[in-house]
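Okay, thanks for coming, everyone. I'll put the structure up and then just talk us through it.

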Amino acid sequence: MHHDLANPASNRCPFRLRNHHVYREPLTGKLRLAPALAGASRRPRPVLEPHVKIRILGSAAGGGFPQWNCNCANCDGVRKGTIDAVPRTQSSIAISENSIDWVLVNASPDILAQIRANPVLQPARAIRDSGICAVLLMDAQIDHVTGLLMLRERASPLPLYATRQVLAELSQSLPLTRVLGHYCGIEAHALGIDGAALTIPPLVTTTFMPVPLASKAPPYSARRDDPHPGDNIGLAICSTASGRRLFYAPGLGQLTPPVEAAMRDADVLLVDGTCWSDDEMITLGLSHKSARMMGHLAQSGPGGMIEVLDRMPAARKILIHINNSNPILREDAPERAVLAAHGIEVAADGMELAL
Ligand code: MLT
Ligand code: MN
Ligand code: ZN
């Protein structure tokens, strides 16, 4: 799918990058000239259509759908083909400007299946090659980081972007970066949470702005009960060419002022769709934890995600990181009709967005 977005409040991306030309009028052809270059140079250099593409590789929460050991009505039903639902892998997205070089946001345990399902991630330019040019991590949760181990056959160190807290977690409590040091190695880049946006090479017209989330370090962390800003981030992803912006937060428990602001600024919201109701996992006998206790804002009820999304101007509002217990996984569920009435979509693996 390829969607053009029409949020009247768009074209307000505040970032200007010093080292390349920024232009933002509507695009028509596949190849076009950057206006300033066309005027300034005798041999104008064609530039590729600068749409930022976002590919949803995985749309399920930790465990995936169906979860290997789960026999809830959803997991059992999708396994047997008796419900109107499609399987989903664990949450991860990839971002590209040219459909060749992709920044992976979160490395899911399902990464190898996701690469197989998305041949565009294998541009085949050399005998050993990958379209994954860098990985950005939003937290150190198992479902977002363990796929890193599957990238160990790389021929060069893997560019890895994460906050200092997440990088510390991955060199201490769950020392994946130390382990990978014996394979491809890691080129670590610390993400700041001061509101500055960064670019990730070789992408040039996409900026990534981390937004600190009020949440916790993972259950395995030595600092689980000592939360720090930077344990979890949301991401404002902006196309400097179109000025359009997406806010991505697969885990969102609390609407702090920075999160509220980033959500208001977004043309596309891709946010926490873990649970429909706060006590869903408890009621189904799957867990003793509420959604809130796990750092997830449920969709229904007062102060829930539906209410939050109702007050946002975004042109598209999409739920991702959907837990296998969530009734919205069934296309024909009444809860899906409720979402539709609020203009809210449910992400599926393979969905593509453009900014
Ligand atoms: C979460 O987001 O709460 C995690 O997916 C939990 C997990 O990794 O199982
Ligand atoms: Mn998760
Ligand atoms: Zn289940």
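Let's start with one side chain: leaving aside its neighbours within four places in sequence, which residues is W102 in contact with? Before I answer, keep in mind that this is a predicted model.

So, the partners of W102 are A94, I95, S96, L121, G131, I132 and C133. The tryptophan belongs to strand β5, which covers residues 102-105. Have a look at I132 in particular: W102 and I132 are separated by 30 residues in sequence, yet their C-alpha atoms are 4.9 Å apart. And is W102 buried or exposed? It's buried, because 27 other C-beta atoms lie within 10 Å, and 20 are enough for that label.

Now zoom out for a second. The chain has 10 helices and 15 strands. It runs to 355 residues, and 46% of them count as buried. If you take the contacts with a separation of 6 or more, 67% of them are between residues 24 or more positions apart.

Right, the sheets. The one that holds β5 is an open sheet of 7 strands, and reading across you get β8-β7-β6-β5-β4-β3-β15, with mixed pairing. At the edges are β8 (186-191) and β15 (352-354); each has a single partner strand, so one side of each has no neighbour in the sheet. On average, neighbouring strands here are turned by 25° against each other, ignoring direction. If you want to check one end of it, go to β3, residues 53-58, which pairs with β15 in the antiparallel sense over 3 bridges. There you'll find R55 standing opposite E352 of β15.

On to the other sheet I wanted to show. This one is open too, with 6 strands in the order β9-β10-β11-β12-β13-β14, and again the pairing is mixed. Its edge strands are β9 (206-212) and β14 (344-346), each of them pairing on one side only. The average turn between neighbouring strands of this sheet is 20°, direction ignored. There's also a helix lying on it: α7, residues 257-264, packs on the sheet and touches β9, β10 (233-239), β11 and β12. The direction of α7 makes about 150° with that of β9.

Let me walk across that sheet from β9. Strands β9 and β10 are antiparallel partners, with 7 bridges between them. One pair to click on is M209, whose bridge partner in β10 is A236. Then A236 also has a bridge partner in β11, namely F247. The β10 and β11 pairing is antiparallel as well, over 4 bridges, and L235 stands opposite Y248 of β11. Those two strands make a hairpin with 5 residues between them, and in the turn G243 has a positive phi of about 80°. Next step over, β11 (residues 245-249) runs parallel to β12 (residues 268-272), joined by 4 bridges. L246 is opposite V268 there.

Why do I call β10 largely enclosed by the rest of the structure? Because 7 of its 7 residues are buried. You can see it on both faces: I233, L235, I237 and S239 are buried on one side, and G234, A236 and C238 on the other. β11 is mostly covered too, with 5 of its 5 residues buried. On β11, the buried residues are R245, F247 and A249 on one side, and L246 and Y248 on the other. Yes, there's an arginine in that list.

That brings me to the core. As background, nonpolar side chains tend to be buried together in soluble globular proteins. Here the largest nonpolar core has 90 residues, and the ones with the most contacts inside it are V135, L136, L235, L246, F247, L269 and L270. The largest share of this core comes from β10, with 5 residues. Taking V135 as an example, and leaving aside its neighbours within four places in sequence, its contacts are L104, A107, L148, L158 and L160.

Last item, the ligand. What surrounds ligand 1? The shell is made up of A61, G62, G63, Q141, I142, D143, G251 and M294. By type, that shell splits into 3 nonpolar, 4 polar and 1 charged. Okay, that's my tour; shout if you want me to go back to any of the views.

Definitions and conventions
Residues numbered from 1 in each chain as written. Chains lettered and ligands numbered in written order. Predicted model: local features only at pLDDT ≥ 70, side-chain atom pairs only at ≥ 80, totals over all residues. Pairing = 2+ DSSP bridges. Axes fitted to C-alpha atoms, helices over the stretch in contact; angles between N-to-C directions. Contact = placed C-beta atoms within 7 Å. Near = placed C-beta within 6 Å. Nonpolar A, V, L, I, M, F, W, Y, C, P; charged D, E, K, R; others polar. Buried ≥ 20, exposed ≤ 12 C-beta atoms within 10 Å, placed from the backbone. Core = buried A, V, L, I, M, F, W, Y, C linked by C-beta atoms within 7 Å.
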